[in-house]
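Here are my notes on this chain, set out point by point. Please read them with the structure open.

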Amino acid sequence: MITNLLLGLVMVLAVACAVGLYVMDRVRRREALFRWASMNGFRLLKFSQPIVEATPFPLTASKSQHVFKILVADAEGHERKGFVRLGSIWRGLSSPQAEVRWQ
């Protein structure tokens, strides 16, 4: 009985840990995107992370880099669409590196 209770507790803690790490990763990605937009004078109007959609970046992009589909407005209010890849191959999001491909 106690063994089943402990096993259940360990499983609940493992799931909670996995969910917590996933949420923290999503927050970190969004912060990096908002930081990039701010540093470049853009206001994010809409953004998403394409999962299946083809992006203009090669398939060999590192897993530590993240690609977003964006719609931004510049200081004059002109809207632009494109894709931005944040982070470097080796340092991931801890690098300020970003590459943009406008549509």
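The points below go from the whole chain to single residues.

1. Status of the model. This is a predicted model. Every number below is computed from it, so please read the values in that light.

2. Elements. How many helices and strands does the chain have? The count is one helix and four strands. Read from the N terminus, the order is α-β-β-β-β. Helix α1 covers residues 2-39. Strand β1 takes up 43-48 and strand β2 takes up 66-73. Strand β4 spans residues 98-102.

3. Overall shape. The radius of gyration of the chain is 18 Å, whereas a compact globule of 103 residues would come out near 13 Å. Along the principal axes, the C-alpha trace spans about 65 × 30 × 25 Å.

4. Burial and surface. Of the 103 residues, 26% count as buried. The chain exposes about 7600 Å². Carbon and sulfur atoms supply 63% of that area.

5. Contacts along the chain. Take the contacts between residues at least 6 apart in sequence. Of these, 44% join residues at least 24 apart.

6. Charges. The chain carries 14 positive and 7 negative charges. The mean positions of the two sets are 6 Å apart.

7. Aromatic pairs, F42 and W102. The chain has four aromatic pairs. In one of them, the ring centres of F42 and W102 are 5.6 Å apart and the planes meet at 65°, so the pair is edge-to-face. The cut-off for that label is an angle over 60 degrees. Why does this pair tie together parts that are 60 residues apart in sequence? Because F42 lies in the loop between α1 and β1, while W102 lies in strand β4. The two partners also differ in cover: F42 counts as buried at 19% relative accessibility, and W102 is partly exposed at 29%. Note that F42 is under the 20% limit for buried.

8. Aromatic pairs, F47 and F68. These two rings also pair edge-to-face, at 6.2 Å centre to centre with 70° between the planes. F47 sits in strand β1 and F68 in strand β2, so the pair ties together parts 21 residues apart in sequence. Which side of the 20% limit does each fall on? F68 is buried, with a relative accessible area of 3%. F47 is partly exposed, with 23%. Ring pairs also link F34, F47 and F68 into a cluster.

9. Residue T55. Where is T55 placed? T55 is in the loop between β1 and β2. Its relative accessible area is 27%, so T55 is partly exposed. Leaving out residues up to four places away in sequence, T55 touches P50, V67 and F83. L5 is 50 residues from T55 along the chain, and their C-alpha atoms are separated by 47 Å.

10. Residue V100. V100 is found in strand β4. V100 counts as partly exposed, at 26% relative accessibility. What does V100 touch, not counting residues up to four places away in sequence? The partners are W36, F83 and V84. F83 therefore appears in the contacts of T55 and in those of V100, under the contact cut-off of 4.5 Å. From V100 to A73, the C-alpha distance is 14 Å, with their positions 27 residues apart in sequence.

11. Residue E31. E31 has its place in helix α1. E31 counts as partly exposed, at 46% relative accessibility. The limit for exposed is over 50%, so E31 stays in the middle class. E31 and L6 are 25 residues apart in sequence, and their C-alpha atoms are 37 Å apart in space.

12. What to check on screen. Start with the F42 and W102 rings, which form an edge-to-face pair. Then turn to the F34, F47 and F68 cluster. Finish with T55 and its contacts to P50, V67 and F83.

How values were computed: Residues numbered from 1 in each chain as written. Predicted model: local features only at pLDDT ≥ 70, side-chain atom pairs only at ≥ 80, totals over all residues. Heavy atoms only, no water. Helix = DSSP H or I, 4+ residues; strand = E, 2+ residues; numbered from the N terminus. Buried < 20%, exposed > 50% of the residue type's maximum accessible area, 1.4 Å probe, protein only. Rg over C-alpha atoms; globule rule 2.2 N^0.38 Å. Areas by Shrake-Rupley, 256 points an atom, 1.4 Å probe, with all protein chains shown as cover. Lys, Arg positive; Asp, Glu negative; His and termini not counted. Charge placed at Lys NZ, Arg CZ, Asp CG, Glu CD. Phe/Tyr/Trp six-rings, centres within 6.5 Å; stacked < 30°, edge-to-face > 60°.
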